[in-house]
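Hi everyone, thanks for making time. Let me put the structure up, and then I'll walk you through a few spots in it.

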Amino acid sequence: GGSVLTEECGSWRRHTLFGCSSETDGVFMELSPSVSVTEDSDGGTSRSYTLSISSRIQPVMFQGRSDLSRTTGSPSLGSSEEFLRLVADGTSHVLHLDEAAFFDSDWRTDGTVSYTAVFPMDAGEIRSICSAGGITAASPSPEYRLIFPDDSVRLLQQFFDIFVVHDGEAPVLPVRVSPTSRRT
């Protein structure tokens, strides 16, 4: 159910995973990790990592809330307050809006809030998130918790193995044989 977009320009390339998502009553979220690789003129490489988080929050999640502002189009969070917490196998990664490289939100006329936030990550954070056996996202405002399903967790693990560890060159992959293609 996932896909990887590979972009290349000269000695630069980026791999981005799409399809790692979770949904519950009122909230949809997609995690999209990226690895960018730049080759130096002397043959060395440098890597940088980001995690894009896209979410859609239904109006029911905001009912009775007085700390929201329609004029800004997003929850009125202070930049240094906790925005989102990702828990990967018990390791908490607390994300703050002032750490985001990019943030855009929209408060639609029906009351739905959607946002996209891109956070720079170091190699250890990407490894922790992408290689975890379980991922949970929790937000303090509005308060919700999402548990990512096994399929999404496997997508993150495969992305990490193929595009971070093996630089886009897949290791030996299992071959699936459909029952109708077997010879008797």
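Let's start with one ring: is Phe103 buried, partly exposed or exposed? Before I answer, keep in mind that this is a predicted model. Okay, Phe103 comes out at 31% relative accessibility, so it counts as partly exposed. Buried would need a value under 20%, and exposed one over 50%.

Now look at who Phe103 is sitting with. By the ring-pairing rule we used, the count comes to 6 aromatic pairs. One of them is Phe83 with Phe103, an edge-to-face arrangement with 5.8 Å centre to centre and 85° between the planes. Phe83 is in strand β8 and Phe103 is in strand β10, which covers residues 102–107, so this pair links distant parts of the chain, 20 residues apart. Phe83 has a relative accessible area of 8%, so that one is buried.

Phe83 has another partner too. Its ring centre is 6.4 Å from that of Phe119, and with the planes at 35° the pair is tilted. Here the pair ties β8 to strand β11, because that's where Phe83 and Phe119 lie, 36 residues apart in sequence. Phe119 is at 1% relative accessibility, so it counts as buried. Add Tyr115, and you have one aromatic cluster: Phe83, Phe103, Tyr115 and Phe119.

While we're on β8, follow the chain into its neighbour. β8 runs antiparallel to strand β9, residues 91–96, and 6 bridges join them. Across that pairing, Arg85 stands opposite Val94 in β9. The hairpin has 2 residues between the strands, and Asp89 takes a positive phi near 50° there.

On to the interior. How many residues does the largest nonpolar core have? It has 43, and Met29, Leu31, Ile53, Leu84, Tyr115, Ile135 and Tyr144 are the ones with the most contacts inside it. The elements giving two or more residues to it include β4 (27–39), β5, β8, β11, β12 (135–140) and β13 (143–147), along with the helices α1 and α2. The top contributor is α2, with 8 residues.

Tyr144 is a good one to click on. Setting aside sequence neighbours within four places, Tyr144 contacts Val27, Met29, Ser55, Ile57, Met61, Leu84, Tyr115, Ala137, Ala138 and Ser139.

You'll have spotted a serine in that list, so let's go there. Ser55 belongs to strand β5, residues 45–57, and at 5% relative accessibility it counts as buried. What does the side chain of Ser55 reach at 2.9 Å? That would be the backbone oxygen of Phe28. Beyond four places in sequence, Ser55 touches Val27, Phe28, Met29, Val113, Ser114, Tyr115 and Tyr144.

Now the helices. In α1, residues 123–130, the buried residues are Ile126, Ser128, Ile129 and Cys130. Asp122 caps the N-terminal end of α1, with a side-chain oxygen 3.0 Å from the backbone nitrogen of Gly124.

For α2 there's a quick sanity check. It has 16 residues, so at 1.5 Å a residue it should span 22 Å, and the end C-alpha atoms are 21 Å apart, which agrees. The buried residues in α2 are Ser152, Val153, Leu155, Leu156, Phe159, Phe160, Ile162, Phe163 and Val164. As a reminder, an α-helix has 3.6 residues a turn, so residues three or four places apart point the same way. Just after α2, Asp167 takes a positive phi of about 50°.

Phe160 is worth a closer look. It is found in α2 and counts as buried because its relative accessibility is 14%. Leaving out residues up to four places away, Phe160 touches Ile126, Arg127, Cys130, Ser131 and Val165. Its C-alpha is also 9.2 Å from that of Val35, and those two are 125 residues apart along the chain.

Val35 turns up again at my last stop, Arg14, which touches Leu5, Thr6, Glu7, Ser34, Val35 and Ser36, again not counting residues up to four places away. Arg14 is in strand β2, residues 12–18, and at 28% relative accessibility it counts as partly exposed. Its C-alpha lies 9.4 Å from that of Phe163, 149 residues apart along the chain.

That's my tour; happy to rotate the model to any of these spots.

How values were computed:
Residues are numbered from 1 along each chain as its sequence is written. This is a predicted model: local features need pLDDT of at least 70, side-chain atom pairs count only at pLDDT 80 or more; totals for chains, interfaces and linings use all residues. Side-chain values use heavy atoms; hydrogens and water are left out. Buried means under 20% relative accessible area, exposed over 50%, partly exposed in between (1.4 Å probe, protein chains only). Helices (H or I, at least four residues) and strands (E, at least two) are DSSP runs, numbered from the N terminus. A polar contact is a pair of N or O atoms within 3.5 Å; within protein, one must be able to donate a hydrogen and the other to accept it, and residues adjacent in sequence count only if both atoms are side-chain atoms. Contact means heavy atoms within 4.5 Å. A nonpolar core is a set of buried Ala, Val, Leu, Ile, Met, Phe, Trp, Tyr and Cys residues joined through side-chain atoms within 4.5 Å. The expected span of a helix is 1.5 Å times one less than its number of residues. Two strands pair if DSSP finds at least two bridges between them. Rings of Phe, Tyr and Trp (its six-membered ring) pair if their centres lie within 6.5 Å; planes under 30 degrees apart count as stacked, over 60 as edge-to-face and the rest as tilted.
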